[in-house]
Amino acid sequence: MNNKYLSLLANNFPTEQSAASEIVNLSAIGSLPKGTEYFFSDIHGEYEAFLHMLKSASGIIKEKIDIRLGKTISTTEREQLAYLIYYPERQLKKMIESDEINDDWRRLTINRLVLVCKAVSWKYTRSHVRKSIPEDMVYIIDELLHVAGDDEKDYYYEEIISTVLETGIADRFIKSLCELIQTLAIDKLHIIGDIYDRGPRPDIIMDKLMTMSDVDIQWGNHDISWMGATAGNKALIANVIRIAMRYDNFDVLEDGYGLNLRALAVFAGETYKDDDCKLYMPHALDDNIYDTVDEKLTAKMHKAISIIQLKLEGQLIERHPEWNMDDRNIFSRVDFNNYTVTFDGKVHHLLDTNFPTVNPNEPLALSKEEDELMNVLTNSFMHSDRLNKHIRFLYSNGSAYKITNGNLLFHGCIPLDENGNMQSVHVGEKEYSGRALFEKIDEIVNKAYFLPQGKEKTDAADYLWYLWCGPISPLFGKDKMAFFERYFLEDKALHKESYNAYYYYSEQKDTCKAILKEFDLNPEKGHIINGHVPVKIKNGESPIKAGGMLFLIDGGISKAYQKATGIAGYTLICDSNSYILAEHKPFISDENAESPQVNLIERFDHRMKISETDQGADFAERIKNLNMLLSAYRSGEIKEHTGKRI
């Protein structure tokens with residue numbers, strides 16, 4: 001078996017020299033400082049704010065400018081340079097139109113950009129940097145990065161810049177340098193769940209993520225809702241549309257994914273034509289640009305899909321008694337003669353009393369028109385090319401949890417009982433908890449999308465609805481989704497959703513240590529990083545918990561949460577020296593974006609090298625195998641392939 005493996009390895013390294021060269025290469029890379037990792041959570045469709053965070057590396061690019069150029073140029077000039085790096089095309093166009101730039105400015109700017117580029121590229125190999133440069137600019141930029149500062153080559157350096165100016169490619173060259181700085185500032189990107197819902201354009205965020213060189217995603221319950229919808233689960237299709245109607249987000253559905261809502265608009269307009277639907281007026285946080293719909297029609301569509309969702313969810317609960325969610329099948333218990341529902345012996349009157357599609361004897365049954373509508377919507381979701389492209393990316397780059405460089409990443413929680421012990425969840429015919437639960441979730445989520453049509457696929461897709469809102473779902477982390485109560489009942493006490501005990505016990509070191517051990521991580525060095533629950537910093541809450549073992553990084557990028565949190569999101573940054581937390585201010589526009597407050601939260605006792613990371617462990621294994629191949633070549637056990645291969 002060893003010889004077979006080495007023979008396969010020899011296909012890539014056919015000579016003793018090539019194997020030895022690769023050992024040298026991997027060993028050298030391992031001695032470099034580890035790259036900078038960025039952790040984001042709960043982006044919720046806020047594409048403008050998120051893209052700005054990426055372009056600015058959450059303030060780190062501005063910090064590099066200040067360090068490298070702070071003693072030579074003014075604060076205003078440094079801010080202008082930073083904005084040029086973030087938005088080069090727009091800024092160059094604006095300056096050209098106002099006649100603000102000339103070749104002297106271009107020459108000076110290129111010199112400054114090269115200095116900043118060197119500051120963000122020094123951790124990488126020359127080969128890595130070259131691969132990040134646009135093909136037509138590789139030679140020029142590579143030379144400038146590696147001759148600048150060499151007194152004997154000053155003329156050569158200046159001649160390159162002069163030729164760039166003379167040939168008229170300076171503006172494109174400046175743009176390439178700016179984009180290279182953006183690219184190199186972020187080595188690895190971790191998205192701790194909830195890319196979708198509430199904000200206007202999660203599809204634009206997905207487009208950007210698909211261009212990143214190293215990105216992983218830990219699914220949030222809102223992501224799972226979209227994944228289940230694309231897999232054909234009708235309750236989640238209704239849920240995705242309902243949330244979009246609630247926040248008046250037509251652009252993502254129709255312009256973003258080409259989903260056909262005309263059938264819903266016609267059905268809602270006819271069914272609720274005499275209903276003002278005041279309870280369903282959208283809470284618009286952003287204006288639609290491409291698909292503007294009358295607010296009253298939106299409210300009717302919102303009501304129509306909400307009633308359908310309640311029916312479909314009730315059907316799911318009845319189909320899966322193993323979930324023990326009968327108490328959430330509230331719509332089936334409504335007295336539609338008196339428009340009341342009973343909780344704990346107390347009768348509550350519904351805020352809405354117009355339900356023309358509900359049969360009081362079979363409240364969960366879809367009307368003929370509702371059934372036809374859902375078939376149209378399901379077909380639209382399952383056959384949207386762009387949506388499926390994005391969902392496949394979520395699958396190929398995502399999972400329920402991730403272990404990286406000694407840290408445990410997940411979106412919501414590790415379900416714990418009232419005593420702080422890991423809570424068992426019934427999945428299929430077995431009970432799962434802790435790490436085994438997360439691995440089972442990965443298995444089921446993949447089945448929901450990739451299996452051919454059949455009962456196993458349907459059951460798996462149904463379980464994605466449980467992950468969206470089930471009482472012991474690690475992605476949801478609450479005892480209930482108070483959808484019905486918030487829409488139809490005035491009693492605020494019934495609206496309360498209680499968090500899983502994890503959110504109490506995880507603030508204790510012993511609990512965090514036990515969780516890290518469950519995932520085979522070192523509790524003395526590892527961290528838990530998750531989101532899901534907005535940290536209300538204005539109320540004195542801290543994202544750093546359990547003595548620095550837990551980082552809870554949902555700071556409210558979504559506009560829906562910013563009044564509660566007092567900020568507009570966090571970025572956790574881990575470079576070779578430390579962990580840093582950036583606190584973002586509300587994003588108004590590109591031109592008015594403020595730099596975040598950056599705080600050091602943990603400093604390492606030495607500069608971390610790649611050899612000390614997961615990538616380094618992979619390198620060590622590869623070096624071990626290459627040394628075995630080297631020995632096999634030298635002993636004659638495996639022959640070198642020095643001839644031309646066909």
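Is Asp248 buried or exposed, judged by relative accessibility? The close-up views below, taken from a predicted model, address this residue and three other sites.

**View 1. Asp248 in the loop between α14 and α15.** Asp248 counts as buried, because its relative accessibility is 13%, below the 20% limit for that class. The residue is placed between helix α14 (234-246) and helix α15 (250-256). Its phi is near 55 degrees, a positive value in a residue other than glycine. Most residues other than glycine have a negative phi.

**View 2. Ser58 in the loop between α3 and α4.** The loop that holds Ser58 joins the residue ranges 47-56 (α3) and 60-69 (α4). Ser58, which is not a glycine, has a positive phi near 50 degrees. With a relative accessibility of 0%, Ser58 is classed as buried.

**View 3. Helix α10 and its surroundings.** Helix α10 comprises 13 residues (154-166) and spans 18 Å from its first C-alpha to its last, close to the 18 Å expected at 1.5 Å a residue. Its buried residues are Tyr157, Ile160, Ile161, Ser162, Val164 and Leu165. Among the elements that cover them are α7 (103-121), α9 (138-147) and α11 (170-185). Gly168, just after α10, adopts a positive phi of about 80 degrees.

**View 4. Ser176 in helix α11.** Ser176 belongs to α11, a helix that also contributes to the cover over the buried residues of α10. The relative accessible area of Ser176 is 6%, and the residue is therefore buried. Leaving aside residues up to four places away in sequence, Ser176 touches Pro134, Met137 and Ile141.

How values were computed: Residues numbered from 1 in each chain as written. Predicted model: local features only at pLDDT ≥ 70, side-chain atom pairs only at ≥ 80, totals over all residues. Heavy atoms only, no water. Helix = DSSP H or I, 4+ residues; strand = E, 2+ residues; numbered from the N terminus. Expected span 1.5 Å × (residues − 1). Buried < 20%, exposed > 50% of the residue type's maximum accessible area, 1.4 Å probe, protein only. Contact = heavy atoms within 4.5 Å.
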